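Reader: I am new to this structure and do not know where to begin. Please pick out one part, the sheets and what packs on them, and take me through it closely.

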Amino acid sequence: MNTQDAIQTEKERQDGTGKSIPRVVIIGAGFGGIRAARALHNAPVQVTVIDRNNHHLFQPLLYQVATAGLSPADISAPIRGILKKQKNTEVVMAEVTGVDLEQRQVLTQKRELPYDYLVVATGASHSYFGHNEWAPYAPGLKSIVDATALRRKILLAFEAAEMAQDEEQRRNLLTFVLVGGGPTGVEMAGAIAELAHKALVSDFRHIDPASARILLVEALPRILPAFPEKLSKKAQQALEHLGVEVCTNSPVEQIDEDGVVIGGQRLVTRNVIWTAGVAASPAGKWLNAEVDRAGRVKVDADLSLPGHPEVFVVGDTASCMQDDKPLPGVAPVAMQEGTYVAEVIAQRVAGKEQPRAFRYKNKGNLATIGRSYGIADVGKLRFGGFIGWIFWWAVHIFFLIGFRNRFLVMFQWAWAYFTYQRGARLITFDPAALQKQKELVEELTSV
Ligand SMILES: Cc1cc2nc3c(=O)[nH]c(=O)nc-3n(C[C@H](O)[C@H](O)[C@H](O)COP(=O)(O)OP(=O)(O)OC[C@H]3O[C@@H](n4cnc5c(N)ncnc54)[C@H](O)[C@@H]3O)c2cc1C
């Protein structure tokens, strides 16, 4: 930071009495970061939220973008817009590259940002379980860019199949393999099945989109292992009813340009989608911290970094134990953790006693299969079916940020529910990928 910047920053952080206002820097404006920022709106602190993107993303609905049900803007909201009324908060769009714990500075590609309290909420990325070479052939779903790339891949497969020269080529082009039977895999598989069987069914002249083969492959004995067994069975039946082949006890052995190998059998396809492991962001390295097997930072009971009470880690980046088990990487954990650390910081700044250790209140687990079936594991209630779907729907609408998004998503789901139509069926190309995509289409459709 240059001297002028330093003077300016110092002026900005003085209140009227010349007393220093503590600086809270939050890295990441996902579920955890936004919650922490919002919970600090009345605290006597200067908050800086840094994110590499200009938007907050509602990841649980990414699969809807990837399968052309919703548009990217329906499930995201500008971070500046979310925090615009919060006078004590500024937003910085920058890629964080490290943290200097000694100097108490966050390092970005452009400049260093000093902090008194730091909240790290940088989420997670894909993990290919030591097989990073699979990544180019089995893209995952984490961001808007991933979702639109998958949408392109899925819709292009049908376009290429329409031009295919023989039945075998057509069959290969219309084979979709989802690797990982967690909620994302289940939701994606159901949505692709409905796309093929309903939305696209009368749009092509040379292929029957409903002939698409959709396989959900899971290494464990059952899909949705976080749900009670009875509900995962129900989910499997609902998927099979939609025409999805569910292959459990089937670890993937190889993924390459030509397809996948499962149980020694090769399946020829270009449509492999990774919905399995996640790995934490590189925050563990920035903080030189002890991490768990997934790279998540091991935190103390108040979510602070051991030895650094001024640094907190929340959400998918943190490994927090409760009742001897690590908390899952889900949005409610991140949100509750974000709110909690804001409370800890506000209490400390006010010179009050710190709140009790963090404790996650699990309000339940939900997943949806297709447009009208959901499963819910909520307290003592465990149910599947249309009511489960309504429940899932209501929760997702409630947590979407922004009235516009809630309204648009509600409208589009109602439209899709009655018409089976998917309004966001755009095949878009970014300039860098354009040439590659053209070559792919040419290759796929050549004799
Ligand atoms: C496809 C999908 C479906 C999901 N479905 C569900 C579901 O149904 N229910 C559920 O509860 N959970 C679901 N999850 C999990 C849930 O979304 C995560 O647990 C939650 O987003 C974690 O919140 P977070 O704040 O830790 O991280 P995130 O929400 O991922 O936010 C991290 C933020 O940090 C920013 N960031 C990262 N690195 C940097 C950097 N170096 N510099 C600057 N900014 C950075 C990112 O841009 C992002 O905005 C799903 C996740 C995915 C990917």
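Author: Two strands are said to pair if DSSP finds at least two bridges between them. That rule is needed for what follows, and it is applied here to a predicted model.

Begin with an open sheet of six strands, whose order is β5-β2-β1-β9-β21-β20 and whose pairing is mixed. At its edges stand β5 (89-93) and β20 (304-305); each has a single partner strand, so one side of each has no neighbour in the sheet. Strand β2, which covers residues 46-51, runs parallel to β5, and five bridges join the two. Within this pair, valine 49 is placed opposite valine 91 of β5. A helix lies across part of the sheet: α10 (residues 331-349) crosses β1 (23-27), β9 (117-120) and β21, and makes an angle of about 155° with β21.

Strand β21 itself spans residues 308-313 and includes glutamate 310. The relative accessibility of glutamate 310 is 7%, and burial here means under 20%, so this residue counts as buried. Setting aside the neighbours within four places in sequence, the residues in contact with glutamate 310 are Arg104, Tyr115, Asp116, Tyr117, Leu118 and Arg348.

Now to another sheet, further along the sequence. Three strands make up this open sheet, in the order β25-β26-β27, with antiparallel pairing. The edge positions belong to β25 (365-369) and β27 (381-385), and because each has a single partner strand, one side of each is left without a neighbour in the sheet. From one strand to the next, the twist averages 5°.

The pairs can be taken in turn. β25 and β26 run antiparallel and are joined by five bridges. One residue match in this pair is asparagine 365, whose bridge partner in β26 is aspartate 377. The two strands form a hairpin with three residues between them, and there glycine 370 has a positive phi near 70°. Although β25 is an edge strand, four of its five residues are buried, so the rest of the structure largely encloses it. On the other side of the sheet's middle strand, β26 (residues 373-378) pairs with β27 in the antiparallel sense, again over five bridges. Here alanine 376 has phenylalanine 383 of β27 as its bridge partner. Packed on this sheet is helix α11 (residues 386-399), which touches β25, β26 and β27 and whose direction is at about 105° to that of β27.

A record also covers this stretch. An unreviewed UniProt entry lists residues 383-403 as "transmembrane region". In the model, that span is 71% helix and 14% strand, and its end C-alpha atoms lie 29 Å apart.

Aromatic rings come next. A pair of aromatic rings is described by the distance of the centres and the angle of the planes. The structure has 11 aromatic pairs. In one of them, phenylalanine 386 and tryptophan 389, the ring centres are 6.0 Å apart and the planes are at 25°; the pair is therefore stacked, since planes under 30 degrees apart count as such. Both residues sit in helix α11, three residues apart, which means about one helical turn separates them. Phenylalanine 386 is partly exposed, at a relative accessible area of 40%, whereas tryptophan 389, at 8%, counts as buried. A tilted pair is formed by tryptophan 392 and tryptophan 413, with 5.3 Å from centre to centre and 35° between the planes. The former lies in helix α11 and the latter in helix α12 (residues 403-419), so this pair ties together parts 21 residues apart in sequence. Tryptophan 392 and tryptophan 413 are both buried.

Elsewhere, ring pairs join Tyr128, Phe129, Trp134 and Trp274 into a cluster. Trp274 belongs to strand β17 (residues 271-274), where Val272 and Trp274 point one way and Asn271 and Ile273 the other, all of them buried. β17 pairs with strand β11 (residues 175-179) in the parallel sense over four bridges, and phenylalanine 176 is opposite asparagine 271 of β17.

One last point concerns cysteines. There are zero disulfides in the structure. Cysteine 320 is buried, with a relative accessible area of 6%, while cysteine 247, at 21%, counts as partly exposed.

Notes
Residues numbered from 1 in each chain as written. Predicted model: local features only at pLDDT ≥ 70, side-chain atom pairs only at ≥ 80, totals over all residues. Heavy atoms only, no water. Axes fitted to C-alpha atoms, helices over the stretch in contact; angles between N-to-C directions. Contact = heavy atoms within 4.5 Å. UniProt positions renumbered as here; feature names shortened; annotations may be inferred. Phe/Tyr/Trp six-rings, centres within 6.5 Å; stacked < 30°, edge-to-face > 60°. Buried < 20%, exposed > 50% of the residue type's maximum accessible area, 1.4 Å probe, protein only. Disulfide = S-S within 2.5 Å.
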